[in-house]
Amino acid sequence: METTLRGVGVSHGVAIGEVRHMGTAVLEPPAKQIRPEDAAREQGRARQAVEAVAADLTARGHLAGGDAQAVLEAQALMAQDPELIADVERRIAVGSTAERAVYDAFASYRALLAGAGEYLAGRVADLDDVRNRIVARLLGVPMPGVPDSDEPYVLVARDLAPADTALLDPALVLGFVTEEGGPTSHSAILARALGVPAVVALPRATDLAEGTVVAVDGSSGEVFVEPSAAKRTALTEAAAARKAALAASSGPGATSDGHKVPLLANIGGPADVPAAVEAGAEGVGLFRTEFLFLDDSANAPSVEKQVGAYRQVLEAFPEGRVVVRVLDAGADKPLDFLTPGDEPNPALGVRGLRTLLDHPEVLRTQLRALTLAAEGLPVHLEVMAPMVADRQDAKAFADACREAGLPAKFGVMVEIPAAALRARSVLQEVEFISLGTNDLAQYTFAADRQAGAVSRYQDPWQPALLDLVASAADGARAEGKSCGVCGEAAADPLLACVLVGLGVTSLSMGAASIPYVRATLAKHTLAQCERAASAARATDSAEGARRAAQGVLSGE
């Protein structure tokens, strides 16, 4: 009998196939005692396993490229954390085996994070994966992971570690469903990069029996269990219609009456550029530069290394617009040489621009590298600062850009409600704003963007979030300046129309979403988008906003 489950759709498309589950977690090692004379040997085994796992994660990152590379290299650094390794060696010195010491040391660190309110829930999932990989290597057993299958399937898991998601084969994994996670979790971001339909935060997803046929709608977040023939046909036809519309859509982003809306790409580095160009991106709306700094958490990259990476991206968009976000360190992206390690609540502490203002030499070096990278190129370089709260922050960043002689427009990310509400004040100091809807939702609803338990607050259709977008866009319009969106909200084609109706002037997203957004915008006039935006803001829930906008745009 057909039943319908609802989670959070995070990657467009429809997948129909049989359920296959991820392998079970690594078993807890026995608590055996070793002889004192064996401690050195066990410590050596532990160090070798840690280095092997770190090397494997780094290699997987190089194969995957893009956002996946940054995530996996961060995991590799996690495996090599000096404090964790020291704790492992202390436990071995008092009698634990290498595998038991690793298991207990990671469990202790995990408990510390959980005790702090799980502000780093996404990192907890990554930590568990690193632990499992090291323990599996020490036990000499295969690391549980993606199932071995010759036939395509829908992958179901409690959560997916980045190392698993990054190298999924889209020819075999039709789509995936997870019980945990949220729209901005690592798995969701990587699923969109792969173009694999995905639904996360689906309650009791792991209760789905192996071999059950499901239909996954990565746009609506619906999962149909044992779908009828009619439902399969309807979903397949809708998917085919979307594909045909995508194929027919090309050129710059615009509404049907010619209102231009530049469609830009979010990238993590040079490896993401080919997909962005192929998707017809009109430039880059968010160049995350963290990947350069995650290669070595103990030292900042040299000017030469930064120049080389930046220039590769700038050269790919001659005459185009490239918006670079300066280093966004802190919270879930700690760097040993930069961020404090003992903050009780790092998501609300010294992160983003606050970190750079505390370490001005790092900001100066990055701005100098960007200046050198842009020399002689016709590209329209724009540079923005993350986590800006008010005009004082904006002025500090603008002053740093001017002092560096940066030949670019400079702006700020709006991720804090204060900046959205006072956008007009902030724009007295800079030339544009760009809304990061992921963090803006996190701070608006006091809901960790990585925690599946509060994922409903991360829904970008929340009317309160739309109100803040409207406030920021109104401020930009009053100052005659641009207001873009570079958060994941821009990747939802229906919501993209609403954002345009709210006054947003450009949209930036993962490359795979650009054709969907372009095709949808081309079906509607600016006036329709404005009516859809008003209807969405008049509701009291995310689901109500979505339905209201859909009703307007479908002519109901």
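Contact, as used in these legends, means heavy atoms within 4.5 Å. The views show a predicted model, in which local features need pLDDT of at least 70 and side-chain atom pairs count only at pLDDT 80 or more, while totals for chains, interfaces and linings use all residues. Residues are numbered from 1 along each chain as its sequence is written, and side-chain values use heavy atoms, with hydrogens and water left out.

**View 1. Valine 498 and the nonpolar cores.** Not counting residues up to four places away in sequence, valine 498 touches Trp461, Leu466, Cys529, Ala532, Ala533 and Ala549. Val498 is also one of the residues with the most contacts inside the largest nonpolar core, which has 100 residues; the others listed with it are Val383, Phe397, Ile433, Trp461, Leu499 and Leu507. Another core, of 29 residues, lies apart from it and includes Ala68, Leu72, Ile92 and Leu190. A nonpolar core is here a set of buried Ala, Val, Leu, Ile, Met, Phe, Trp, Tyr and Cys residues joined through side-chain atoms within 4.5 Å, where buried means under 20% relative accessible area, exposed over 50%, and partly exposed in between (1.4 Å probe, protein chains only).

**View 2. Serine 506 and its polar contact with arginine 321.** Serine 506 lies in strand 16 (residues 506-509), helices (H or I, at least four residues) and strands (E, at least two) being DSSP runs numbered from the N terminus. With a relative accessible area of 6%, serine 506 is buried. Its side chain is joined to that of arginine 321 by a polar contact of 3.4 Å, that is, a pair of N or O atoms within 3.5 Å, of which, within protein, one must be able to donate a hydrogen and the other to accept it, and for which residues adjacent in sequence count only if both atoms are side-chain atoms. Leaving aside residues up to four places away in sequence, serine 506 touches Val261, Pro262, Leu264, Arg321, Cys483, Gly484 and Val485.

**View 3. Glutamine 458 in a loop.** Glutamine 458 is found in the loop between helix 17 (437-445) and helix 18 (463-479), and it is buried, with a relative accessible area of 4%. A polar atom of the glutamine 458 side chain lies 3.4 Å from the backbone oxygen of asparagine 438.

**View 4. Helix 1 and a network of salt bridges.** The 26 residues of helix 1 (residues 39-64) should span 38 Å, the expected span being 1.5 Å times one less than the number of residues, and the end C-alpha atoms are 38 Å apart, which agrees. Among the buried residues of helix 1 are Glu42, Gln43, Val50, Val53 and Leu57. Arg35, Glu37, Asp38, Arg41, Glu42, Arg45 and Glu99 are linked in a network of salt bridges, each a side-chain nitrogen of Lys or Arg within 4 Å of a carboxyl oxygen of Asp or Glu. Within this network, glutamate 37 and arginine 35 have their closest N and O atoms 3.6 Å apart, and both residues are exposed.

**View 5. Two further salt bridges.** A search of the whole structure finds 33 salt bridges. Arginine 391 pairs with glutamate 429 at 2.7 Å between the closest N and O atoms; this pair links distant parts of the chain, 38 residues apart, with arginine 391 in helix 14 (residues 391-403) and glutamate 429 in the loop between helix 16 (423-426) and strand 14 (432-435). Arginine 391 is partly exposed at 40% relative accessible area, whereas glutamate 429, at 15%, counts as buried. The side chains of arginine 311 and glutamate 315 also meet in a salt bridge (3.3 Å, N to O), and these residues are separated by about one helical turn because they are 4 residues apart in helix 11 (residues 303-315).
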